[in-house]
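Please open the model in your viewer, with a cartoon for the backbone and sticks ready for the side chains. The stops below are meant to be selected one after another.

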Amino acid sequence: MNDLYNSKKVVWGLLAAFVIVWLYVLGVRTLVPPDEGRYAEMAREMWATGDWITTRLNGIKYFEKPPLQTWMNAVSFGLFGLGEWQARLWTGLCGLGGVLLTSYTANRLFGQRTGFYAALALGSTLYWVAGGQIDSLDMGLSGMMTVALCSLLIAQRDTATPAEQRNWMLLCWAGMALAVLAKGLIGVVLPGAVLVLYTLLSRDLAIWTRLHLGKGLLLFFAIATPWFVLVALKNPEQPHFFFIHEHWERFFLKTHHREGAWYYFLLLLIPGVMPWFGLLPQALVQGVKRAPGVFQPKLLLVLWAVFITFFFSYSSSKLPGYILPVFPALAILIASYLESASRMNRMLAAGLLLLLGVAGLAALPHWIGSAPRHPDERALLEAYQPWVLSAAIVAAAGGALAIFHARQLRRDLTVLTLAIAGFVSVQLILTGFEPYGNLRAGKQLALKMLPELQADTKIYSVSTYEQSMTFYLRRTVILVNYWDEFTFGLQQQPELSIPTVDGFIARWQEHTAQKVKAMAIVSDDAYRELKTKGVTMRVIAEDSRRLVITNL
């Protein structure tokens, strides 16, 4: 029980089960707005139009982020057709690849057991598992930054041969270039800043001679530059919006209304790194201690995790997924610490998971009771309750069993038990969310609309935009009195929307007079406004969040 890492049957069996479950669950849930609907729809439009340069959402220019995620999702749709697992395939592969590469890196740096532990740690961490199951940019960025981090670590080992050092460094540069194409300049700024800090603290100035700067920069620009040039040539307005508005103003100004306290991400780390939080402080402390040799990989890992966390803590725009790139570094540090952790420290980690499960069991009834919502939504949340309850029971049972194994000095089995409990708990929480996520997406309304649609039927979206419905409708809608994230695009293409409700009413009445069928997705407030103004309409579908109306 203390050499599980050395058993090929155990390792390959766990890997096979992990990969099967990881890929299977990509298709069990509806695409939940806003992110999943947005990035699926952008890729659907890219594949449908064949325009791989100008990124669009709902047919409108959309330059908030670079195109890597959209490219990969569009390729997935082209290969496998439109669907939910296809939309999540890229993020799923990035998460899966991150686990494998992190394990391989830990193995090369610290030995086989640490590699085994690193895979278990990252593959069960709440944040990483959830991020790998959601179609958002954060896992795509994290996957590419993991390539950069792991390649750098392997290349800079004191025992690396010149060929290994060159090849892995080139892969590191390629990873940074793809990270730039995934989410922008942070793909190179964050690794660069970490390297500068590492140089200062480790006094390893010679590392800059081992980066293969000439070839690396050539490779970096060869991968990262072409799209930026092409999109700027076709859309001269893109560079200012992307580099100034989406980088400088997003970081320093509060224009995106996503502020949070300076400790926002520190609080998120506590549940995010479960079930391993009980080991994190000790792993960080161990990481800053100088080890024999020139290159100090643990110090670099600590700086990677700490700097990225505080970088986004300083930003004026904060969203939970921003710190996802720190988890591979934390997984290696935790895995390395687990090698020498005392029985008491292993029991502490297991005890925290047990405590979390018990706390979940106690808090769950109050959580549902304090959620005043529409009766239909409340019913869905109550139906979600058994799934969360099951996750809490699995966490508590896993924690208790891990304590037992730790007391018996079965260290591999202790770690494996914690990992399985964490992984299963997250899957239960995600899978059980489906009915509520389905409602949020409006998928059932979209499916009811499809039989009523002709190829030329116009669909309006009045004072709202449903990110997932356009994907399930397989077509764009005409925005009415709605700007939000479309503001910049509509300034370039104002003809693609109707700015006022009165303008929509005039267009709607024209359709009615000409006996041309049209449909509209409206919120409750917009429906009441249209009713007050005497608009002729018939409700053909509705749920607790929106209605679908037609004029005929």
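Begin by selecting helix 5 (112–122), where 9 of the 11 residues are buried, so that this helix is largely enclosed by the rest of the structure. Buried here means under 20% relative accessible area, exposed means over 50%, and partly exposed lies in between, with a 1.4 Å probe and protein chains only. Helices are DSSP runs of H or I with at least four residues, strands are runs of E with at least two, and both are numbered from the N terminus. The buried residues of helix 5 are Arg113, Thr114, Gly115, Phe116, Tyr117, Ala118, Leu120, Ala121 and Leu122.

Before going further, note that this is a predicted model, in which local features need pLDDT of at least 70 and side-chain atom pairs count only at pLDDT 80 or more, while totals for chains, interfaces and linings use all residues. Residues are numbered from 1 along each chain as its sequence is written, and side-chain values use heavy atoms, with hydrogens and water left out.

**The second largest pocket**

Keep helix 5 displayed and add the second largest pocket, which holds about 750 Å³ of space. Its lining counts 28 residues, and those closest to the pocket centre are Val11, Leu15, Ser103, Phe116 and Ala119. Two or more lining residues come from each of helix 1, helix 4 (84–110), helix 5 and helix 18 (411–432), and helix 1 gives the most, with 8 residues. By class, the lining has 19 nonpolar, 8 polar and 1 charged residues, where Ala, Val, Leu, Ile, Met, Phe, Trp, Tyr, Cys and Pro count as nonpolar, Asp, Glu, Lys and Arg as charged, and the others, Gly among them, as polar.

On a 1 Å grid over the protein atoms alone, a pocket is an open set of points with protein on both sides within 12 Å along at least five of seven lines, a cavity is a set where a 1.4 Å probe fits but cannot get out, and lining residues have an atom within 4 Å of a point. Grid points are joined across faces, edges and corners, and a volume is the space filled by probe spheres set on the points.

**Asp3 and Cys150**

Next select Asp3, in the segment before helix 1 (8–24). Asp3 counts as partly exposed because its relative accessibility is 47%. Leaving aside neighbours within four places in sequence, Asp3 is in contact (heavy atoms within 4.5 Å) with Arg113 and Asp412.

Move then to Cys150 in helix 7 (residues 137–155), which is buried at a relative accessible area of 0%. Beyond its neighbours within four places in sequence, Cys150 is in contact with Leu101, Thr102 and Thr105. Measuring from C-alpha to C-alpha in the viewer should place Cys150 and Ala106 8.7 Å apart in space, although they are 44 residues apart in sequence.

**The enclosed cavity**

The structure holds 1 cavity of 30 Å³ or more, and the largest cavity has a volume of about 60 Å³. To see its lining, select Met42, Glu45, Met46, Thr49, Asp51, Thr54, Thr55, Arg56 and Thr70. Helix 2 (residues 35–49) supplies the largest share, 4 residues, and by class the lining has 2 nonpolar, 4 polar and 3 charged residues.

**The sheet**

For the last stop, colour the open sheet of 6 strands, whose order is 5-4-3-6-8-7 with mixed pairing. Strand 5 (497–498) and strand 7 stand at the edges, each with a single partner strand, so one side of each is left without a neighbour in the sheet. Two strands pair if DSSP finds at least two bridges between them.

Which strand has 4 of its 5 residues buried? That is strand 3 (residues 458–462), so this strand is largely enclosed by the rest of the structure. Strand 3 pairs in the parallel sense with strand 6 (residues 518–522) over 5 bridges, and Tyr460 has Ala520 as its bridge partner there. Strand 3 also pairs in the parallel sense with strand 4 (residues 478–480), over 3 bridges, with Val480 as the bridge partner of Val462.

Continuing along the sheet, strand 6 and strand 8 run antiparallel and are joined by 4 bridges, with Ile521 opposite Val548 in strand 8. Strand 7 (residues 538–542) and strand 8 (residues 547–550) pair in the antiparallel sense over 4 bridges, and a hairpin of 4 residues joins strand 7 to strand 8.
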